[in-house]
Amino acid sequence: MKIGVLGGTFDPVHNGHIFMAQHCMDNLSFDRIMFLPNGNPPHKKDRNITDKIHRYNMLKLALKPYDRFFVSDYEIKREEYSYTVETMRHFRETTDDEYVIIIGADSFYQLGMWYNFTELVKENQFVVLDREYNVNSALNEDISIFNQKYNSHISLCQMPMVDISSTDIRKKLVNNEDVTDMIPHCVMQYITDNNLYR
């Protein structure tokens with residue numbers, strides 16, 4: 001199968017994440033979308049991240065209605081830092097599936113800071129989601145230059161702007177503001193039941 005890999009902290013998962021995954025299913029030739037929550041992300045050492053089991057549980061609840069979306073607990077189970085290049089090698093070595101990493105334009109411009117990024121981009125296919133709907137006209141050219149420079153396989157997929165972020169949701173929850181239009185109801189119920197982000 002051809003599997004799109006959508007990684008992130010998902011703190012918490014929100015409707016924007018699900019929309020991104022559905023957009024990829026509708027417009028690219030994926031058989032399934034894997035949500036890959038970070039267990040111990042090295043790039044977020046300076047932030048107090050919600051316990052990984054809570055983040056994993058919220059994803060499981062949010063994706064229950066979608067039979068072609070699933071959650072991997074591979075990085076969640078690891079105690080040490082998780083690096084994408086190593087995680088993707090594990091998936092390729094243990095399955096016969098084809099994997100494509102899905103990232104946003106912001107992450108594309110930070111790829112040079114990822115661990116062993118030259119090996120990562122040579123070994124893996126990437127899709128960059130342009131959430132500005134081509135407002136950034138330089139993005140396509142920048143991807144082309146990057147591909148030539150690093151012998152990478154990165155393509156561009158446009159999608160409508162989705163103005164939802166986990167950061168905003170956490171802030172709103174701290175201030176007891178309504179976020180019911182930003183996250184699935186089951187996730188909101190889980191947050192309430194477990195007294196998260198308060």
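Where does Pro 12 lie? Pro 12 sits in the loop between β1 (2-8) and α1 (15-27). Here helices (H or I, at least four residues) and strands (E, at least two) are DSSP runs, numbered from the N terminus. Before going on, a word about the model. It is a predicted one, in which local features need pLDDT of at least 70 and side-chain atom pairs count only at pLDDT 80 or more, while totals for chains, interfaces and linings use all residues. Residues are numbered from 1 along each chain as its sequence is written, and side-chain values use heavy atoms, with hydrogens and water left out.

## The whole chain

Let's start with the big picture. The chain has eight helices and six strands. If you walk along the sequence, you meet them in the pattern β-α-β-α-β-α-β-α-α-β-α-β-α-α. The radius of gyration of the chain is 17 Å, close to the 16 Å that the globule rule gives for 198 residues, so the chain is as compact as a globular protein of that length. That radius is taken over C-alpha atoms, and the globule rule is 2.2 Å times the number of residues to the power 0.38. Taken along the principal axes, the C-alpha atoms fill a box of roughly 50 × 40 × 35 Å.

How much of the chain counts as buried? Of its 198 residues, 44% do. Buried means under 20% relative accessible area, exposed means over 50%, and partly exposed is in between (1.4 Å probe, protein chains only). Now for contacts, meaning heavy atoms within 4.5 Å. Among those between residues at least 6 apart in sequence, 75% join residues at least 24 apart.

## Back to the first loop

Pro 12 has an unusual neighbour bond to look at. The peptide bond from Asp 11 to Pro 12 is cis, with omega near 0°. Phe 10 is found in the loop between β1 and α1 too, and its phi is near 50°, a positive value in a residue other than glycine. Most residues other than glycine have a negative phi, and most peptide bonds are trans. Is Phe 10 buried or exposed? Phe 10 is buried, with a relative accessible area of 3%.

Asn 116 also has a phi near 50°, again a positive value in a residue other than glycine. You can find Asn 116 in the loop between α4 (105-108) and α5 (117-123).

Here are some loop residues with their accessibility:

| Residue | Loop | Relative accessible area |
|---|---|---|
| Phe 10 | between β1 and α1 | 3%, buried |
| Asp 51 | between β2 (32-37) and α2 | 45%, partly exposed |
| Asn 116 | between α4 and α5 | 30%, partly exposed |
| Asn 176 | between α7 and α8 | 64%, exposed |

Two of these residues come with a distance as well. Asp 51 and Gly 39 are twelve residues apart along the chain, and their C-alpha atoms are separated by 8.7 Å. Asn 176 and Tyr 197 are 21 residues apart in sequence and 9.6 Å apart in space, C-alpha to C-alpha.

## Two helices with a buried side

Which residues of helix α3 (residues 84-94) are buried? They are Val 85, Thr 87, Met 88 and Phe 91. These residues cover an arc of only 165° around the axis, which puts them on the same side of α3. The arc is that of the directions from the helix axis to the C-beta atoms. An α-helix has 3.6 residues a turn, so residues three or four places apart point the same way. What covers the buried residues of α3 includes β1, β2, β4 (98-104) and α5.

Helix α8 (residues 185-193) has its own buried set: Val 187, Met 188, Tyr 190 and Ile 191. Their arc is only 160° around the axis, which puts them on the same side of α8. On the other side of α8, His 185 and Asp 193 are exposed. The cover over the buried residues of α8 includes α2 (52-63) and α7 (166-174).

## The end of the chain

After α8 comes Asn 195, whose phi is positive, near 55°. Leu 196 lies in the segment after α8 as well, and at 9% relative accessibility Leu 196 counts as buried. What does Leu 196 touch, not counting residues up to four places away in sequence? Its partners are Thr 50, His 54, Met 58, Tyr 190 and Ile 191. Leu 196 and Thr 50 are 146 residues apart along the chain, with their C-alpha atoms separated by 8.0 Å.
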